[in-house]
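Please look through the sequence and the structure shown below before reading on. The report that follows takes up single residues, a surface patch, a pocket and the overall fold.

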Amino acid sequence: MSNYNAEHASVFTEAVAWVERLVVGSIATSVAVLAIATLGALLLTGRSDWRQAFRTIVGCFIVFGASGIVGGLLGTNSSGAESVSITPPPPVTSEPRVSGRPYDPYAGAALIRRPLSKEELRSRPLDPPPDVSNLPTVK
């Protein structure tokens with residue numbers, strides 16, 4: 001004869017459900033929000049390192065995504081959400097280009113200039129000095 005019966009199983013199930021609601025409920029969400037906000041303030045002031053930030057964020061993901069992680073490992077959908085199949089979009093067919101040059105949306109934004117040689121720099125006239133005759137004089 002076994003000491004296990006359905007009545008004890010429901011008690012344990014209810015206890016586990018209570019712990020889950022406690023860990024993932026509104027109190028835990030509030031604590032996680034405060035932890036992330038505090039961590040952000042510490043990072044801004046330079047009193048914390050990125051390793052601690054990464055550990056905190058990964059811990060929040062693990063706590064709040066535990067049911068999904070277990071469901072994924074067991075092959076069931078225990079998170080209560082409906083499974084959605086995502087289909088990729090149809091491939092985009094490109095129209096042939098009329099000209100031989102590739103399309104450049106920034107065609108006029110920058111000019112490609114070749115560097116001037118030393119001879120071109122020597123033969124290039126100097127810029128004239130600015131006209132300062134019409135500037136006001138300081139007394």
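## Val-24 in helix α1

Val-24 is found in helix α1 of this model, which is a predicted one. With a relative accessible area of 33%, Val-24 counts as partly exposed, because this class covers the values between the 20% limit for buried residues and the 50% limit for exposed ones.

In the sequence, Val-24 is separated from Ala-66 by 42 residues, whereas in space the two are 9.3 Å apart, taken from C-alpha to C-alpha. Both Val-24 and Ala-66 appear again below, among the residues that line the largest pocket.

## The nonpolar patch

Val-24 also belongs to a nonpolar patch on the surface, which it forms together with Trp-18, Val-19, Leu-22, Val-23, Ile-27, Val-31, Val-63 and Phe-64. Taken together, these residues have about 770 Å² of accessible area. Which helix gives the most to the nonpolar patch? That helix is α1, with 5 residues, while at least two residues come from each of α1 (6–24), α2 (26–45) and α3 (50–64).

One of the members of the patch, Ile-27, has its place in helix α2. Ile-27 has a relative accessible area of 58% and is therefore exposed, since the word is used for values over 50%.

## The largest pocket

The largest pocket holds about 150 Å³ of space. Among the elements that line this pocket, α1, α3 and α4 (66–74) are those that give two or more residues.

The lining is made of 10 residues, and those that lie nearest the centre of the pocket are Glu-20, Val-24, Val-63, Ala-66 and Ser-67. Sorted by class, the lining has 7 nonpolar residues, 2 polar residues and 1 charged residue. Val-24 and Val-63 thus have a place in two parts of this report, as they are named both in the nonpolar patch and in the lining of the largest pocket.

## A buried residue in helix α3

Is Ala-53, which is found in helix α3, buried or exposed? Ala-53 has a relative accessibility of 4% and so counts as buried, because the limit for this class is under 20%.

Along the sequence, Ala-53 and Leu-42 are 11 residues apart, and the distance between them in space, C-alpha to C-alpha, is 9.5 Å.

## The chain as a whole

The secondary structure of the chain consists of 5 helices and 0 strands, and along the sequence this reads as the pattern α-α-α-α-α. The chain has 139 residues, of which 6% count as buried; Ala-53, at 4% relative accessibility, is one of these buried residues.

Methods:
Residues numbered from 1 in each chain as written. Predicted model: local features only at pLDDT ≥ 70, side-chain atom pairs only at ≥ 80, totals over all residues. Heavy atoms only, no water. Patch = residues over 30% accessible without salt bridge, like charges linked within 9 Å, V, L, I, M, F, W, Y side chains within 5 Å. Areas by Shrake-Rupley, 256 points an atom, 1.4 Å probe, with all protein chains shown as cover. Salt bridge = Lys/Arg side-chain N within 4 Å of Asp/Glu carboxyl O. Helix = DSSP H or I, 4+ residues; strand = E, 2+ residues; numbered from the N terminus. Buried < 20%, exposed > 50% of the residue type's maximum accessible area, 1.4 Å probe, protein only. 1 Å grid on protein atoms, 1.4 Å probe; cavity = no way out; pocket = protein on both sides within 12 Å on 5 of 7 lines; lining within 4 Å. Points joined across faces, edges and corners; volume = space filled by probe spheres on them. Nonpolar A, V, L, I, M, F, W, Y, C, P; charged D, E, K, R; others polar.
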